[in-house]
Amino acid sequence: MVDSYFLDNFAAWATTVTLATVVFVLLVVLYVTFDENSIGLIDLVLSRNGSVTVPNSKLGPAAYRWLYGHESLTMRSDYEQTSLIDFNFYAHQPGQEYHFELLEQTEENYAALRKAVLRLLNRRGDVQLRTLVREKMTELADGWTRDKRTVSLVHIRDEVHKAVMKISHKLVFDDEITADGLRYAEDSCFNFYGMLKTTTLLDMNKRLPLYRYLVAKVEGRFHDDLDEVFDGRFTADEIAKCIHSVFFHSFVTQLSEALTHTLLQVAQNGDVERKLRVEGLAGDRGYVMNVIKETLRLNPVFGITVRSADVDVVVPASVTGGAEFLIKTGTVVIFNDKLFHRSGYDNPAEFVPDRWNKLQTRNSNFLPFGARGNHVCPAEKLAYAFLQESLPIIVGSFRFRTNIRHLCRIPRGGMALMHRAAAPRWVEAAAGVLLVPMKLLVILEQVYVSLAGIVITPLFLRRVFTDQMAIRRWEKLYGSKKL
């Protein structure tokens, strides 16, 4: 006999389930639709004087460039407000105080930390650096040849980031990373990735093992070398925090995602893949560089960049092309990197590497590493060298097939099918067939990421607010303390 209570309340239950389903679908659609721009909407609510996104109808690409390099647009908000402008500072724990790109140019340690990081990035000449990259990427490719199935389902970023971690460690210590160190680095970087994609919360238990590993390395036989690099101004603890934040969180994340974006674009553009395989293996770096530039144009590593106005900033009429534009103190300025890099080009949404045969980056809307004068990325030269050497090795040996939406966030690291480039036709045919069920996995994965973001974002915002204010109170009372 059917429960009479259920029958009596069937209409109410059905209505509740229907409404919950509609809300669920709307939330998923909302999250997927806004994707990398959603953080800008949140900042609009949180910032004291609203926000302004550039470029827009009044502030075009020229204003974007002018504002990006303006010294009064800073990385962090002042102590009277808390906004997502503070997110990067919060996310880089435990090394946020020693990541010079998160400090302002007027802060005490900025110049010394920047000088030390540049020394570490440039301590190898171009030939040595490229040799190191080829060594580690060949090691990665050989591992794939040995361990992967005929057709393998992979997340590209999660495959390549181990090689990048080994490169980073070798750059800093001139020593191979241990198995334990690699495991600690993966745990810390995965937690950092998850925070950037709003799919996980800060977990210091995932980060502290790498921090302690780095402290031990700095205090050991590498102490004198690194102490000299940092001009004797920082303790082993502080040097380890700098290395953790700069060379593992930022360096590993950005290089891994840049290579992932490039491989995804190549996978979705067969003509480019075939030409790249032929010309890359023949040593034609010109076309390889064109592919890299076009990828960075269409898929800047960060979809948006956020700054806060320390003072009133007046954008002159000569820059706006119309009237002056006032940005009030405290306003959050959201740089839409993706829109900027699609302004002023023919067929801007299409992947056309050959456009760079005629265009020059200095005369185009092209700032994938930031603007000179205000937090420009110090690893630009290294990043180009890394991508130039990595692409021919990977594309020359393997082929990727994918049907994912190529978003800035690549939330799970870029799902793709991979097989050897020289595989027989039946393997290529099998990969084509497997793309159909893979599409279902892609959809399920995107729904999972969307749900995770919907659930985690409110918790994440609360933590940013409460933890950031707690950090500030602690700093005022006690200063920076060793963990």
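This is a short walk through one protein chain, from its overall build to single residues. The model is predicted, not determined by experiment.

Start with the whole chain. It has 483 residues, and buried residues make up 54% of them. The secondary structure comes to 18 helices and nine strands. Look next at contacts between residues with a separation of 6 or more. Of these, 78% join residues that are 24 or more positions apart. The outside can be described too. The chain exposes about 22,000 Å², and carbon and sulfur atoms supply 56% of that area.

Now find the sheet. Four strands form an open sheet in the order β1-β7-β4-β2, and the pairing is mixed. β1 (51-54) and β2 (73-74) stand at the edges, each with a single partner strand, so one side of each has no neighbour in the sheet. Follow β1 to its partner. Four bridges join β1 to β7 (residues 332-336), and these two strands run parallel. Within this pair, V52 stands opposite V333 of β7.

A second pair of strands comes later in the chain. Strand β8 covers residues 398-401. It is joined to β9 (residues 415-420) by four bridges, and the two run antiparallel. In a regular strand, side chains alternate between the two faces of the sheet. β8 shows two such directions. F398 and F400 point one way, R399 and R401 point the other way, and all are buried.

Pause at F400, which is found in strand β8. Is F400 buried or exposed? At 4% relative accessibility, F400 counts as buried, because the cut-off for buried is under 20%. Across the strand pair, F400 stands opposite M418 in β9. F400 and M415 are 15 residues apart along the chain, and their C-alpha atoms are separated by 9.6 Å. Setting aside residues up to four places away in sequence, F400 touches ten others: W144, V154, I156, L263, A267, E273, I394, A416, L417 and M418.

One of those contacts, E273, leads to a charged pair. Side chains of opposite charge can pair when their charged atoms come close. E273 and R277 meet in a salt bridge, with 3.2 Å from N to O. They are four residues apart in helix α13 (residues 270-281), which means about one helical turn separates them. Both E273 and R277 are buried.

The salt bridge count comes to 27. One of them links E139 with K166, whose closest N and O atoms are 2.7 Å apart. E139 lies in helix α7 (residues 126-147) and K166 in helix α8, so this pair ties together parts that are 27 residues apart in sequence. E139 is partly exposed at 37% relative accessibility. K166 is partly exposed as well, at 22%. Another salt bridge joins K148 to E159, with 2.9 Å between the closest N and O atoms. K148 lies in the loop between α7 and β3 (152-155), while E159 lies in helix α8, so here the tied parts are 11 residues apart in sequence. K148 counts as partly exposed, at 27% relative accessibility. Salt bridges can also link into a network, as they do for D126, R130, R134, R285 and E389.

Turn to helix α6, residues 110-122. It has 13 residues and reaches 18 Å from its first C-alpha to its last, close to the 18 Å expected. Which residues of α6 are buried? They are Y110, A112, L113, A116, V117, L120 and L121. An α-helix has 3.6 residues a turn, so residues three or four places apart point the same way. The buried residues of α6 pack against four helices: α8 (156-173), α11 (223-229), α12 (236-267) and α17 (380-397).

Step back to the loop between α5 (87-91) and α6, the place of E101. E101 counts as buried, at 16% relative accessibility. Leaving out neighbours within four places in sequence, E101 is in contact with M75, H375, V376, C377 and P378. E101 and S250 are 149 residues apart along the chain, with 9.9 Å between their C-alpha atoms.

Finish on the surface. L153, L440, L441 and L444 form a nonpolar patch there, with about 370 Å² of accessible area together. Helix α18 (residues 425-478) gives the largest share of the patch, three residues. L444 lies in this helix, α18. At 51% relative accessibility, L444 counts as exposed.

Notes. Residues numbered from 1 in each chain as written. Predicted model: local features only at pLDDT ≥ 70, side-chain atom pairs only at ≥ 80, totals over all residues. Heavy atoms only, no water. Patch = residues over 30% accessible without salt bridge, like charges linked within 9 Å, V, L, I, M, F, W, Y side chains within 5 Å. Areas by Shrake-Rupley, 256 points an atom, 1.4 Å probe, with all protein chains shown as cover. Salt bridge = Lys/Arg side-chain N within 4 Å of Asp/Glu carboxyl O. Buried < 20%, exposed > 50% of the residue type's maximum accessible area, 1.4 Å probe, protein only. Expected span 1.5 Å × (residues − 1). Contact = heavy atoms within 4.5 Å. Pairing = 2+ DSSP bridges.
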